[in-house]
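This report is written for a reader who wants to go through the backbone and the helix packing of one protein with the model open alongside. Please keep the sequence and the structure in view while reading.

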Amino acid sequence: MLSRLRSVVAHLSPISSTARMSTVHNTNKACCTIPPVQSDYQPKGTFKSIGDFKKVYVTGPEKSDNAIVCVYDIFGYFPQTQQGADIVAASTCTTVYMPDFFEPEGPFDINRYPPKTEEDKKAIQDFFGGTANPSAAISKLTKFGEHLKSNGAQKVAVYGFCWGGKVVISSSGENTPFSAAAIIHPAMLSVEDAKKLTIPLGIYVSADEPEAEYESIVDIISKKPFASVSDHKNYKNMFHGWAAARGDLKNEENRKEYDDVYKRLVTFFQKAL
């Protein structure tokens, strides 16, 4: 399956003339080209208005001592991502919240994946620089975590996929409201983000993330005071997106590793919280 999905990953062509068009916000080619996979899973949660978000997917017990926040990938609410949130909620007996970070604009148009024209490639990069601008999402996520704590959550953990992984790790430094963070097939991996971490981190990458960067981050975490609580695994047989919207859960290998990473995620949160 990895080879099949990689076959759709085309090299991003240089974007032309204007300053806006020459800006590449996300250099992970797999993240910018692998399309999502349709799923017939029926999510178990409901949508509510919470804090500053008009739409938040909520799953698990109505009340729990702690809370977990999920930051989806650029495709927004997708059955595979919601299925994972349902798994985390049920396995940890903790309420999981998935805010709509792209409201009111919405996620990127899945009909433009994989990009076939220069216009589509530009649109993807513009999306990362606009609606999905990480800095804006970091602010929203931090404020949401603070809201949950002010409303009774003793500890709040957070996890994110692809683009959401960048948002999560960037929100886990000094003065973070979160007690633990995890990133799964994260886009825009950065050693500098890891250096600023002040909470335990679970990091789970695929063959499409830079291995050297991953290993450097693992090394940095190993020297942190919370090293014994942190967790990591390199899923070398998987592709970018296997645990979220791009996951094909009818494929035996994909489903096996999907289940595995959620088991690790649950164990990490149980230990960290």
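What follows is a description of a predicted model, beginning with the overall make-up and then turning to helix packing, backbone geometry and one local contact.

**Overall make-up**

The protein contains 8 helices and 8 strands. Of its 273 residues, 58% are buried. Among the contacts with a separation of 6 or more, 72% are made by residues 24 or more positions apart.

**Helix α2 and its surroundings**

Helix α2 covers residues 79-92, and helix α8, against which α2 packs, covers residues 252-272. The 14 residues of α2 should span 20 Å at 1.5 Å a residue, and the end C-alpha atoms of α2 are indeed 20 Å apart, so the expected and the computed values agree.

Most of α2 is covered, since 11 of its 14 residues are buried. The buried residues of α2 include Pro79, Gln80, Thr81, Gln82 and Gln83, and further along the helix Gly84, Ala85, Asp86, Val88, Ala89 and Thr92 are buried too. The cover over these buried residues includes the strands β1 (46-50), β2 (53-59), β3 (67-71), β4 and β5, together with helix α8. Just after α2, the backbone at Cys93 takes a positive phi of about 55°.

**Two helix pairs**

How do the two helices of each pair lie against each other? The table sets out the angle and the distance between axes for α2 with α8 and for α4 with α5.

| Helix pair | Angle | Distance between axes |
|---|---|---|
| α2 (79-92) and α8 (252-272) | about 40° | 10 Å |
| α4 (134-150) and α5 (163-170) | about 60° | 9 Å |

Angles from 65 to 115 degrees count as roughly perpendicular and those under 35 degrees as roughly parallel. At about 40°, helices α2 and α8 are therefore oblique to each other, and their crossing is right-handed. On the α2 side, the residues that meet α8 are Gln80, Gln83, Gly84, Ile87, Val88, Ser91 and Thr92, while α8 contributes Arg255, Tyr258, Tyr262, Leu265, Val266, Phe269 and Gln270. By class, this contact of α2 with α8 is made up of 7 nonpolar, 6 polar and 1 charged residues.

In the other pair, helices α4 and α5 pack at an angle of about 60°, which makes α4 oblique to α5. The crossing of α4 and α5 is right-handed. Here Pro134, Ala137, Ile138 and Leu141 in α4 meet Trp163, Val167, Val168 and Ser170 in α5. The residues of this contact of α4 with α5 divide into 7 nonpolar and 1 polar, with no charged residue among them.

**Cis peptide bonds in the loop between β4 and α3**

Which peptide bond that ends at Pro104 is cis? The bond in question runs from Glu103 to Pro104, with omega near 0°, and Pro104 itself is found in the loop between β4 (95-99) and α3 (118-129). The peptide bond from Tyr113 to Pro114 is cis as well, with omega near -10°, and the place of Pro114 is likewise in the loop between β4 and α3.

**Positive phi at residues that are not glycine**

Cys162 has a positive phi of about 50° although it is not a glycine. This residue lies in strand β5, which covers residues 156-162. Is Cys162 buried or exposed? With a relative accessible area of 1%, Cys162 is buried, because buried means under 20% relative accessible area.

Met188, although not a glycine, also has a positive phi, of about 60°. The place of Met188 is in the loop between β6 (180-186) and α6 (191-195). Met188 has a relative accessibility of 16% and therefore counts as buried.

**A local contact at Glu211**

Glu211 is found in helix α7, which covers residues 211-222. A relative accessible area of 35% means that Glu211 is partly exposed. Which residues does Glu211 contact, once its neighbours within four places in sequence are left aside? They are Asn234 and Lys236. Asn234 is 23 residues from Glu211 along the chain, and the C-alpha atoms of these two residues are separated by 8.3 Å.

Note on methods: Residues are numbered from 1 along each chain as its sequence is written. This is a predicted model: local features need pLDDT of at least 70, side-chain atom pairs count only at pLDDT 80 or more; totals for chains, interfaces and linings use all residues. Side-chain values use heavy atoms; hydrogens and water are left out. Helices (H or I, at least four residues) and strands (E, at least two) are DSSP runs, numbered from the N terminus. Buried means under 20% relative accessible area, exposed over 50%, partly exposed in between (1.4 Å probe, protein chains only). Axes are lines fitted to C-alpha atoms, for helices over the stretch in contact, and angles run from 0 to 180 degrees between N-to-C directions. Angles under 35 degrees count as roughly parallel, over 145 as roughly antiparallel, 65 to 115 as roughly perpendicular and the rest as oblique. A crossing is left-handed if the near helix is turned anticlockwise from the far one by less than a right angle, and right-handed if clockwise. Contact means heavy atoms within 4.5 Å. Ala, Val, Leu, Ile, Met, Phe, Trp, Tyr, Cys and Pro count as nonpolar, Asp, Glu, Lys and Arg as charged, and the others, Gly among them, as polar. The expected span of a helix is 1.5 Å times one less than its number of residues.
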